[in-house]
Amino acid sequence: MKFPDLYIIGIPIYVLFGTLEWYYVTRKNKQFFAGRDAMINIALFVSGSLIGLIIGGTIFFVWRLLYAHRIFDLQYTPYIFVLIFFVEDFVMYCNHRLQHTIRYLWEMTHVVHHSSEDYNLSTALRNGWMRPFGGLWILWGLLCWIGFPPELVVFQTGVSRIYQFFTHTQQISKLPSWFEFIFVTPSHHRVHHARNEIYIDKNYGGILIIWDRMFGTFQEELQEVPVEYGILAEVDTHSIVDVNFRGLRNIFQDMRRYGIKTLLYPPGWKPDKQKVENT
């Protein structure tokens with residue numbers, strides 16, 4: 001079965017709504033829009049997409065290989081689209097949570113996305129060059145091994161990516177309570193990008209917030225605790241090279257000090273177990 005390429009379709013969506021947000025913020029709200037930071041986000045998206053194109057073929061080959069040895073032969077019937085929606089979103093939750101709890105994955109795949117102190121739709125495009133090398137794409141490969149066709153997995157990850165784009169904004173307040181209870185909203189994801197102590201490592205969901213509610217990682221956005229965006233350690237650079245490789249440099253420094261075990265501990269771990277800044 002042939003599916004539309006949502007990764008290509010997403011580009012004009014990102015451009016259109018990113019431009020509309022910029023216009024609304026700067027012209028209507030008369031607020032400052034960090035253009036330089038947005039340009040870094042766009043540059044990271046373009047360069048990261050090129051890297052993804054180069055490596056994506058290898059990843060898809062592995063997925064096809066796993067599908068060739070699938071456990072179940074799932075057919076294209078209506079139920080498979082419902083099932084992949086929930087299963088893929090749960091994998092997204094697990095993937096996202098792992099990236100926040102294992103130092104190697106945090107530095108390799110995710111810290112770049114959280115490193116901006118601004119928060120707008122362009123932040124959704126802010127992903128590091130090293131993300132494909134983290135290896136977490138194998139989790140989606142397991143879906144192929146179970147029996148979901150690789151083309152369907154790619155399609156559903158594209159749906160998730162486009163949905164998550166719209167959660168990266170400050171221009172939408174809380175949505176109706178029933179929607180906030182089931183789905184990830186901009187309010188939920190603002191919490192996820194916060195460095196306030198009460199908000200750190202919360203709301204990992206991609207499309208559904210129910211996983212966070214089920215596994216104790218949900219935190220509502222509180223009016224009395226305004227969100228402060230970014231990571232605990234200040235990122236004082238506008239170089240996309242520095243932004244991408246700063247995490248690796250920190251890993252190597254701590255490996256020399258504390259050994260290879262630092263790769264598997266949470267971000268910010270030190271032998272004295274004191275709470276320190278995320279690096």
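Helices here are DSSP runs of H or I with at least four residues, strands are E runs with at least two, and both are numbered from the N terminus.

**View 1. The whole chain, helix after helix.** This is a predicted model, where local features need pLDDT of at least 70, side-chain atom pairs count only at pLDDT 80 or more, and totals for chains, interfaces and linings use all residues. Residues are numbered from 1 along each chain as its sequence is written, and side-chain values use heavy atoms, with hydrogens and water left out. Starting at the N terminus, the elements read α-α-α-α-α-α-α-α-α-α, so the tally is ten helices and zero strands. The C-alpha atoms fit a box of roughly 50 × 50 × 35 Å along the principal axes. The radius of gyration, taken over C-alpha atoms, is 19 Å, which agrees with the value near 19 Å for a compact globule of 279 residues; the globule rule is 2.2 Å times the number of residues to the power 0.38. Of the 279 residues, 46% are buried (under 20% relative accessible area, with a 1.4 Å probe and protein chains only).

**View 2. Inside the largest nonpolar core.** A nonpolar core is a set of buried Ala, Val, Leu, Ile, Met, Phe, Trp, Tyr and Cys residues joined through side-chain atoms within 4.5 Å. This one has 16 residues, and Trp63, Ile84, Trp140, Leu143, Phe148, Leu152 and Val153 touch the most other members. At least two core residues come from each of α2 (35–68), α3 (78–101), α5 (137–146) and α6 (150–165). Zoom in on Ile84 and you'll find contacts (heavy atoms within 4.5 Å) with Asp89, Leu143, Phe148, Leu152, Val153 and Gln156, leaving aside residues up to four places away in sequence.

**View 3. Ile207, a loop residue tucked out of sight.** Ile207 sits in the loop between α8 (186–192) and α9 (210–215), yet counts as buried because its relative accessibility is 5%. Leaving out residues up to four places away in sequence, Ile207 touches Phe85, Asp89, Gln156, Val159, Ser160, Tyr163, Ile182, Phe183 and Val184. Ile138 is 69 residues from Ile207 along the chain, and their C-alpha atoms are 20 Å apart.

**View 4. Glu107 and its partner Arg103.** Glu107 belongs to helix α4 (residues 103–114) and counts as buried because its relative accessibility is 2%. Its side chain makes a polar contact with the side chain of Arg103 at 2.8 Å. Such a contact is a pair of N or O atoms within 3.5 Å; within protein, one must be able to donate a hydrogen and the other to accept it, and residues adjacent in sequence count only if both atoms are side-chain atoms.

Note on methods. Buried means under 20% relative accessible area, exposed over 50%, partly exposed in between (1.4 Å probe, protein chains only).
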